[in-house]
Amino acid sequence: MVGIKDNKLVKNIFWTASVQGIRVIVQILTIGVLSRIIPAEEYGAMAACFVVINLAYVFRDGGVANSLIRVDSLDKIFIDTAFFISFSLGFVIFLILQIFHESIGAFFGIMVVGELIKIVSWVFVFSGFGAIPQALLERSGNFKKIAQAEIFSSVFAFILALILAINNFGAKALAASFFANVAITSVLYVILAKWRPGISWSATRSREILSFGGGVLGFNSINYIARNADIPIISRALGAVQVGYYSQAYKIMLFPVQNITGAINRGMYPELCSRIRSGHGAHEIYCRILRSLSFCIWPLMIFVAIESESVIFVVLGEKWLLASPVLFWLALTGCIQALVSTTGGALQAMGRISELLKLGTLATLLQLGAFLMGVSSGIEYMAKLYFWANFFNGIFALYFVIKFIGAKINAISLDVGLNLIVSSTVVVVAHLFVDRVLCLDVGVLRLIVGFSAVAFFLMVVIYLLHFSSEGGFLGKLMKGVKFMISGGSVTGFWRIV
């Protein structure tokens, strides 16, 4: 196994995780503080706004940035051509949203959505400019500079949102914060990358970029439907308040999933492309990623599911408790999405765009069906069907990606499956300890003690699996944890004895 300090992938993930860690703190503060100031219908309006913004982002990128990371060699003409495409797409999307923002608000039946889109649409001018320097920084592995830019912009955006929310700007405080975050980050990317756009252009390079980007755009468009159809369906069927409950529960689920997997996937993609170009080691990296995610994500998400009521009470407040049953199913869904989130980047790195589109189509059909069948019975039942749709999609997606990359399906399935068993057992034991032995009520104390119990029991399991008559407890435990996080599994402890 490659040492932690010598592993470029782990260094990339470390700096990306630093950003995600700060973002998690900022997001928790944002939700915990602002949800007590801004009412549910305002959050529902912002969630509806992001349905449109997320769709626009699909077309803004179009795989242009990833093409810079994946290509074998770069020259100035290629970079300038990619910038022209990226900036043009961003500016065109900005104009479209500015022209049709009122019509979009009318479609959702929430007119303030149009006003929010008019504010947020400016991000596409800045993100179109910042996408290329960001890709150059990621390709060179300079995740430290990326971390510096994103940490500063996240903190600034939170302070801005708080000031505006206190002054009764409502959902517009959230919109202004999002715009400030993207704008400042894009400007800092340009400064830190020490890159300036040129005027050179190549039709050949343009076709090469658009050929790869077209497939990625197709997948992102399909994936968009799978991930965003829930909000307009709930909005039209049940109204803005139910959207608010659902969207807040979804945000809590996304905290660990999006932040941990985001850190790992951003670090994985450049390294995976490099391994594929060199012709060796790609399957080892990918399998280590799956093991690490199952070890890091599953105990946390299962804990959030079981303690969903306390999580909602502590993070959002008592008035949001109706969202706790929804969070239960969404947290279980997060266990699956954590692993499936790696498949898109892996298929792009391998150049298997056709398979990417097919798997994306399957996921969309399953999840869209879950939304349409479940919404008439309420958001809790819809979340339940959403979980099962993700479960079956996860089996198909992971099977084919593991097969394509050349890894042993039986071995990785056993490792990941045992990590799930260990995670579930540990969380259930911790829950019974807090609920039956300590008899703690819903609240902050129950959440803190419960999470501490999960961490303690998980460390005990790691120690027992790595038990040896030699060495001290702490040394063996830390060695075991280090192995697990860097891609080990409960079946592989014998390799470090």
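# Helix packing and burial: worked exercises

The crossing of α13 and α14 is right-handed. The model behind these exercises is predicted.

**Exercise 1.** Find how helix α13 meets helix α14, and which residues make the contact.

*Solution.*
- Start with the helices: α13 covers residues 308-315 and α14 covers residues 324-350.
- Next, the geometry. The two axes come within 8 Å and cross at roughly 115 degrees.
- Now list the contact. S308, E309, V311 and I312 come from α13, while S324, L327 and F328 come from α14.
- Sort these residues by type: four are nonpolar, two are polar and one is charged.

**Exercise 2.** Decide whether α12 runs roughly parallel or roughly antiparallel to α17.

*Solution.*
- Helix α12 spans residues 282-306, and helix α17 spans residues 409-437.
- Their axes lie 9 Å apart, at an angle of about 25 degrees.
- Angles under 35 degrees count as roughly parallel.
- Therefore α12 is roughly parallel to α17.
- The handedness of this crossing is right-handed.
- On the α12 side, the contact residues include C287, L290, W298 and I306.
- On the α17 side, I412, D415, V427 and H431 are among them.
- By type, the contact of α12 with α17 divides into 13 nonpolar, five polar and two charged residues.

**Exercise 3.** Identify the residues that touch the most other members of the largest nonpolar core, then trace the long-range contacts of Y286.

*Solution.*
- The largest nonpolar core holds 127 residues.
- L97, I132, Y246, Y286 and L330 touch the most other members.
- Helix α12 gives the most to this core, with 15 residues.
- Take Y286 and set aside its neighbours within four places in sequence.
- What remains is M268, T342, T343, A346, L398, V401, I402 and I405.

**Exercise 4.** Classify S310 and F396 as buried, partly exposed or exposed, and give their contacts beyond four places in sequence.

*Solution.*
- Place S310 first: this residue sits in helix α13.
- The cut-off for buried is under 20% relative accessible area.
- S310 has 1% relative accessibility, so S310 is buried.
- Beyond four places in sequence, S310 touches V442, G443, R446 and L447.
- Turn to F396, in helix α16, residues 379-405.
- F396 has 42% relative accessibility, so F396 is partly exposed.
- Beyond four places in sequence, F396 touches L359 and L362.
- Check the F396 and L362 pair: 34 residues separate them in sequence, and 9.0 Å separates their C-alpha atoms.

**Exercise 5.** List the buried residues of helix α10, then find the residue just after α10 that takes a positive phi.

*Solution.*
- Helix α10 covers residues 230-238.
- Its buried residues are D230, I231, P232, I233, I234 and S235.
- Step just past α10 to G239.
- The phi of G239 is positive, at about 100 degrees.

**Exercise 6.** Summarise the protein: count helices and strands, give the buried share, and give the share of contacts that join residues at least 24 apart.

*Solution.*
- Count the elements: 19 helices and zero strands.
- Then burial: of the 497 residues in the protein, 54% are buried.
- For contacts, keep those between residues at least 6 apart in sequence.
- Of these, 81% join residues at least 24 apart.

Key: Residues are numbered from 1 along each chain as its sequence is written. This is a predicted model: local features need pLDDT of at least 70, side-chain atom pairs count only at pLDDT 80 or more; totals for chains, interfaces and linings use all residues. Side-chain values use heavy atoms; hydrogens and water are left out. Axes are lines fitted to C-alpha atoms, for helices over the stretch in contact, and angles run from 0 to 180 degrees between N-to-C directions. Helices (H or I, at least four residues) and strands (E, at least two) are DSSP runs, numbered from the N terminus. A crossing is left-handed if the near helix is turned anticlockwise from the far one by less than a right angle, and right-handed if clockwise. Contact means heavy atoms within 4.5 Å. Ala, Val, Leu, Ile, Met, Phe, Trp, Tyr, Cys and Pro count as nonpolar, Asp, Glu, Lys and Arg as charged, and the others, Gly among them, as polar. Angles under 35 degrees count as roughly parallel, over 145 as roughly antiparallel, 65 to 115 as roughly perpendicular and the rest as oblique. A nonpolar core is a set of buried Ala, Val, Leu, Ile, Met, Phe, Trp, Tyr and Cys residues joined through side-chain atoms within 4.5 Å. Buried means under 20% relative accessible area, exposed over 50%, partly exposed in between (1.4 Å probe, protein chains only).
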